[in-house]
Amino acid sequence: MRTYLVTGGAGFIGSNFIHYMFNKYDNDIRIINVDVLTYAGNLENLKDVEKRDNYTFIKADICDSEAIGKIFEENDIDRVVHFAAESHVDRSIKNPEVFVQTNVIGTAVMLNCAKKSWELPDGSFKEGKKFLHVSTDEVYGSLPEDKTSFFYETTPYSPHSPYSASKAGSDMLVKAYMDTYKFPANITNCSNNYGPYQFPEKLIPLIINNALSGKKLPVYGDGKNVRDWLYVEDHAKAIDMVMEKGKLFETYNVGGHNEKQNIEIVNIIIETLQEMLPDSDPRKAHVNTDLITYVEDRKGHDRRYAICPDKIKEAVGWEPSTCFKDGIKKTIAWFFENEEWMKNVINKDYQKYYESMYHMN
Ligand code: NAD
Ligand code: TYD
């Protein structure tokens with residue numbers, strides 16, 4: 001039975017990945033989830049898997065080499081899927097240090113512990129081991145608005161935010177391990193994800209939650225910044241396929257030609273909520289475009305991200321399967337069915353964060 005060590009599995013993408021893997025492989029795999037449970041880590045995301053015999057949760061910090069080393073000593077880990085990170089650009093602008101600590105130092109610790117555990121006396125690595133480093137397209141910087149340019153795996157890194165700079169640093173460490181030691185790894189650089197369990201600091205869940213609560217919908221700058229949106233389950237599938245079929249030492253960009261301006265996203269959410277809310281629901285009356293509020297732009301705001309996904313398609317046969325129209329409906333339906341989840345997330349700390357970031361209610 002193959003054993004996966006998933007870091008950051010209590011976060012948004014990590015928890016979706018764990019669900020995806022158990023749905024696909026059921027009892028044929030074992031998953032160890034290591035997460036320190038920051039504000040973004042939420043064990044409620046994993047309620048339905050926590051009783052499985054082939055699932056273990058370990059609360060530990062990826063920067064703690066002793067704790068991580070012990071996990072490798074006590075378990076024969078076959079695959080590492082490394083999600084754990086500080087992930088929100090706005091927070092990185094306010095407090096960059098923790099991004100360097102978790103994203104750079106934490107990745108160095110993960111690499112070092114995996115290397116120690118997997119390396120043979122002759123410097124080669126045990127058969128079948130692989131480290132998959134989950135990264136972002138934001139490392140490539142910003143594209144012009146002309147819609148003809150894309151991020152390729154060969155695009156030079158040019159990160160602008162402390163978040164993307166720290167992810168670029170972590171990618172470089174993985175590349176250094178591959179180049180220096182022939183350490184068995186892949187890197188995936190994915191575009192913006194959306195879907196169930198996403199923390200409402202990110203655009204889509206924040207807009208859904210605010211709209212349903214009748215609160216203003218904050219749009220940064222002119223609202224015309226472009227992101228390339230991917231349904232999170234498609235990302236989980238891509239990671240599994242790269243792990244199975246990806247060539248060692250390669251980088252794969254994951255995205256799906258689904259570019260949209262932020263203001264388009266906000267308008268689609270309003271329309272979809274209007275469509276999905278029954279007439280009897282009092283919230284229907286206040287979900288409308290009057291809530292849209294243009295606010296001060298994000299500092300250093302990247303204008304456009306867009307992935308060319310040709311390499312991953314050719315190499316492993318991955319393509320996104322959920323179009324935005326369906327994906328946003330599924331996401332909103334999930335938030336309708338999980339109001340309790342959102343209530344628990346919107347706690348005092350979140351309120352404090354929201355007020356300090358947006359200076360409005
Ligand atoms: P998230 O913020 O929702 O989750 C991060 C998880 O990591 C949380 O559970 C948190 O508790 C955990 N964590 C943070 N610091 C830790 C530490 N020191 N030790 C152990 N665990 C720690 O993030 P996400 O959106 O799920 O993103 C996961 C990964 O995917 C990140 O590496 C991110 O850079 C990358 N990524 C995200 C997106 C996106 O759109 N969200 C797109 C591309 C790539
Ligand atoms: P976000 O979800 O934070 O992802 P990222 O910054 O990693 O791309 O933001 C997506 C886009 O939405 C980005 O261009 C910033 C913008 N945005 C807003 O306009 N208002 C908001 O309240 C947030 C959180 C983001």
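**Exercise 1. Polar contacts of ligand 1**

Determine which atoms of Val36, Ile62 and Ile13 approach ligand 1, and at what distances.

*Solution.*
Step 1. In this predicted model, Val36 places a backbone N or O atom 3.2 Å from a nitrogen atom of ligand 1.
Step 2. Ile62 likewise uses a backbone N or O atom, which lies 3.0 Å from a nitrogen atom of the ligand.
Step 3. For Ile13, a backbone N or O atom is 2.7 Å from an oxygen atom of ligand 1.
Step 4. A polar contact requires a pair of N or O atoms within 3.5 Å. The distances of 3.2 Å for Val36, 3.0 Å for Ile62 and 2.7 Å for Ile13 satisfy this cut-off.
Step 5. On its own, ligand 1 has 840 Å² of accessible area, and the protein covers 96% of that area.

**Exercise 2. The shell around ligand 1**

Describe the residues that surround ligand 1 by number, by class and by element.

*Solution.*
Step 1. The ligand is surrounded by 28 residues, and the closest are Ile13, Asp35, Ser87, Tyr163 and Lys167.
Step 2. Sorted by class, the shell holds 14 nonpolar, eleven polar and three charged residues.
Step 3. Two or more residues each come from helix 1 (12-25), strand 5 (130-136) and helix 5 (162-181).
Step 4. Strand 5 provides the largest share, namely three residues.

**Exercise 3. The sheet**

State the order of the strands in the open sheet of seven strands, and explain why strand 3 and strand 11 each have one side without a neighbour.

*Solution.*
Step 1. The seven strands follow the order 3-2-1-4-5-6-11, and their pairing is parallel.
Step 2. Strand 3 (55-59) and strand 11 (251-254) stand at the edges; each has a single partner strand, so one side of each lacks a neighbour in the sheet.
Step 3. From one strand to the next, the twist averages 20°.
Step 4. Strand 5 also serves as an example of the pairing: with strand 6 (residues 185-190) it forms six bridges in the parallel sense. Within this region, Leu132 stands opposite Asn186 of strand 6.
Step 5. Helix 7 (residues 232-245) lies across several strands of the model, namely strand 1 (2-7), strand 4 (79-82), strand 5, strand 6 and strand 11. The helix runs at about 145° to strand 5.

**Exercise 4. The surroundings of ligand 2**

Identify the side chains of Arg227, Arg298 and Tyr358 that make polar contacts with ligand 2, and describe the shell around this ligand.

*Solution.*
Step 1. Ligand 2 has 18 residues around it, of which Glu138, Arg227, Arg298, His301 and Tyr358 come nearest.
Step 2. A side-chain N or O atom of Arg298 is 2.5 Å from an oxygen atom of the ligand. For Arg227, a side-chain N or O atom is 2.7 Å from an oxygen atom of ligand 2. In Tyr358, a polar side-chain atom lies 2.8 Å from an oxygen atom of the ligand.
Step 3. The protein covers 97% of the 510 Å² of accessible area that ligand 2 has on its own.
Step 4. The shell divides into eight nonpolar, five polar and five charged residues.
Step 5. Helix 6 (203-213) and strand 8 (217-220) each contribute at least two residues. Strand 8 gives the most, with three residues.

Technical notes:
Residues are numbered from 1 along each chain as its sequence is written. Chains are lettered from A and ligands numbered from 1 in the order in which they are written. This is a predicted model: local features need pLDDT of at least 70, side-chain atom pairs count only at pLDDT 80 or more; totals for chains, interfaces and linings use all residues. Side-chain values use heavy atoms; hydrogens and water are left out. A residue is near a molecule or strand if one of its heavy atoms lies within 4 Å of it. A polar contact is a pair of N or O atoms within 3.5 Å; within protein, one must be able to donate a hydrogen and the other to accept it, and residues adjacent in sequence count only if both atoms are side-chain atoms. Accessible areas come from the Shrake-Rupley method with a 1.4 Å probe; for residues, only the protein chains shown count as cover. Helices (H or I, at least four residues) and strands (E, at least two) are DSSP runs, numbered from the N terminus. Ala, Val, Leu, Ile, Met, Phe, Trp, Tyr, Cys and Pro count as nonpolar, Asp, Glu, Lys and Arg as charged, and the others, Gly among them, as polar. Two strands pair if DSSP finds at least two bridges between them. Axes are lines fitted to C-alpha atoms, for helices over the stretch in contact, and angles run from 0 to 180 degrees between N-to-C directions. Contact means heavy atoms within 4.5 Å.
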